Amino acid sequence: MNIRILSKDENSLKFMLENVDVTFANALRRIILVEVPTMAIDEVIIIENTSPLFDEVLAHRLGLIPLKTDLQSYTLPEECSCQGAGCTQCQLTFTLEREAEEEGVIVYSGELKSQDPSVVPVSDKIPIVRLARGQRIVLEAYASLGRGKNHAKYQPVSTCSYKYKPIVQLEGDKCEACGDCVEICPKGVLDLKNKSIMIKDVFNCSLCKACEEECEFDAIHVESDDTSFIFNIESTEAISPEEIVKTAIEIFEKKVKELQSLLASQTS
Ligand code: SF4
Ligand code: SF4
Ligand SMILES: [Zn+2]
């Protein structure tokens with residue numbers, strides 16, 4: 001297996017996974033989606049709520065706020081020595097107290113006060129509730145690590161997709177440089193320059209084969225490499241994209257080792 005970074009920024013990562021088959025690529029995608037943990041609010045104690053939202057709707061909205069996650073400092077509740085009872089290793093507290101002194105006050109995620117400054121909402125500007133004059137909310141919320149397989153609010157990504165690596169081949173001697181394939185390509189992969197067709201960005205190809213169908217001269221061919229995959233990951237900002245992939249690979253290795261030892265114990 002080989003990993004090649006194609007592009008990255010603070011919250012997204014595009015990389016090529018080479019010399020693997022589709023089952024491996026899909027297992028990695030599934031682990032990213034449902035096994036890599038993040039922090040989310042999971043329990044809310046409403047002390048006072050005269051807002052227009054019912055308590056359970058307010059709690060649901062709080063649960064969906066992505067939180068910056070520190071995987072090194074916290075343990076999953078089911079793996080914690082407190083056995084899920086809730087302690088500083090597996091849980092932290094947020095408080096929120098707000099009363100509207102004027103009409104139409106919007107309470108934002110930035111008003112949640114965290115017990116741990118390293119675990120805060122990824123944005124201060126996520127609206128929670130709109131209060132009319134005199135309305136008030138007072139609550140305590142408890143966040144813990146969890147996995148996407150238990151609730152989508154724990155997924156570390158907003159997007160995790162892959163596609164086969166495209167291979168676009170031109171047969172120069174058959175091509176009449178009519179430009180029809182350039183016109184039809186929805187991804188801007190091809191270009192016509194100096195009366196010849198150029199491939200600008202093959203990794204952008206969606207494998208739709210519209211160019212093949214458009215070409216009257218059978219001069220362009222599109223195939224996929226079924227051992228190489230282009231992954232596209234967008235983080236919710238809870239964890240960096242690099243940490244998401246690194247953690248997913250560690251979880252993958254752990255699962256393979258567990259399977260190996262299980263098989264060894266069955267055969268011995
Ligand atoms: S459509 Fe066919 S002939 Fe026309 S430019 Fe494209 S490859 Fe060449
Ligand atoms: S297969 Fe589709 S996206 Fe790829 S080069 Fe042809 S027209 Fe463009
Ligand atoms: Zn604990």
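Here are some notes on this structure for someone opening it for the first time.

1. Before anything else, keep in mind that this is a predicted model. The protein has 268 residues, and its secondary structure comes to 5 helices and 12 strands.

2. Start with the overall outline. Along the principal axes, the C-alpha trace spans about 75 × 65 × 25 Å. The radius of gyration is 25 Å, whereas a compact globule of 268 residues would come out near 18 Å. As for burial, 27% of the residues count as buried.

3. Next, the domains. The assignment splits the protein into two pieces: domain 1 takes in 2-34 + 158-232, and domain 2 covers 38-154. So how is the spacing between them described? Taken over C-alpha atoms, the centres of domain 1 and domain 2 are 41 Å apart.

4. A word on contacts across the whole chain. If you look at contacts between residues at least 6 apart in sequence, 68% of them join residues at least 24 apart.

5. Now for ligand 1, which has 14 residues around it. Which of them come nearest? They are Cys 175, Cys 178, Cys 181, Cys 215 and Ala 219. By class, the shell holds 10 nonpolar, 1 polar and 3 charged residues.

6. Ligand 2 has 15 residues around it. Here the nearest are Cys 185, Val 189, Cys 205, Cys 208 and Cys 211. Sorted by class, the shell has 12 nonpolar residues, 1 polar one and 2 charged ones.

7. On to the open sheet. Four strands make it up, in the order β3-β8-β4-β6, and the pairing is antiparallel. Which strands sit at the edges? Those are β3 (38-49) and β6 (113-114), each of which pairs on one side only. As background, strands of a sheet pair through backbone hydrogen bonds, either parallel or antiparallel.

8. It's worth following one pairing in that sheet. Strand β3 is joined by 10 bridges to β8, residues 136-146, and the two run antiparallel. If you want a spot to find this on screen, look for Asn 49, which stands opposite Ile 137 in β8.

9. Then there is a hairpin, formed by β10 and β11 with 2 residues between them. Strand β10 is residues 190-193 and β11 is residues 196-199; 4 bridges join them and they run antiparallel. Lys 193 has Ser 196 in β11 as its bridge partner. In the turn, Asn 194 has a positive phi of about 50°.

10. Met 198 is a handy residue for a closer look at the hairpin, since it belongs to strand β11. Is Met 198 buried or exposed? It is exposed, because 12 other C-beta atoms lie within 10 Å, and 12 or fewer counts as exposed. Leaving aside neighbours within four places in sequence, Met 198 is in contact with Leu 190, Asp 191 and Lys 193. The C-alpha atoms of Met 198 and Leu 170 are 8.8 Å apart, with their positions 28 residues apart along the chain.

11. Two other backbone spots deserve a glance, both with a positive phi in a residue other than glycine. Asn 19 has phi near 60° and is found in the loop between β2 (12-18) and α1 (22-34). Asn 19 counts as exposed because it has 9 C-beta neighbours inside 10 Å. Ala 177 has phi near 55° and lies in the loop between β9 (157-170) and α3 (180-184). With 14 C-beta neighbours inside 10 Å, Ala 177 counts as partly exposed.

12. Last, Thr 75, in the loop between α2 (55-63) and β4 (92-99). Why does Thr 75 count as partly exposed? Because 17 other C-beta atoms lie within 10 Å, and buried would take 20 or more. Beyond neighbours within four places in sequence, its contacts are Cys 80, Gln 89 and Cys 90. Thr 75 also has Leu 145 at 6.9 Å, C-alpha to C-alpha, although the two are 70 residues apart in sequence.

Methods
Residues numbered from 1 in each chain as written. Chains lettered and ligands numbered in written order. Predicted model: local features only at pLDDT ≥ 70, side-chain atom pairs only at ≥ 80, totals over all residues. Near = placed C-beta within 6 Å. Nonpolar A, V, L, I, M, F, W, Y, C, P; charged D, E, K, R; others polar. Domains from an automatic or database assignment. Rg over C-alpha atoms; globule rule 2.2 N^0.38 Å. Contact = placed C-beta atoms within 7 Å. Pairing = 2+ DSSP bridges.
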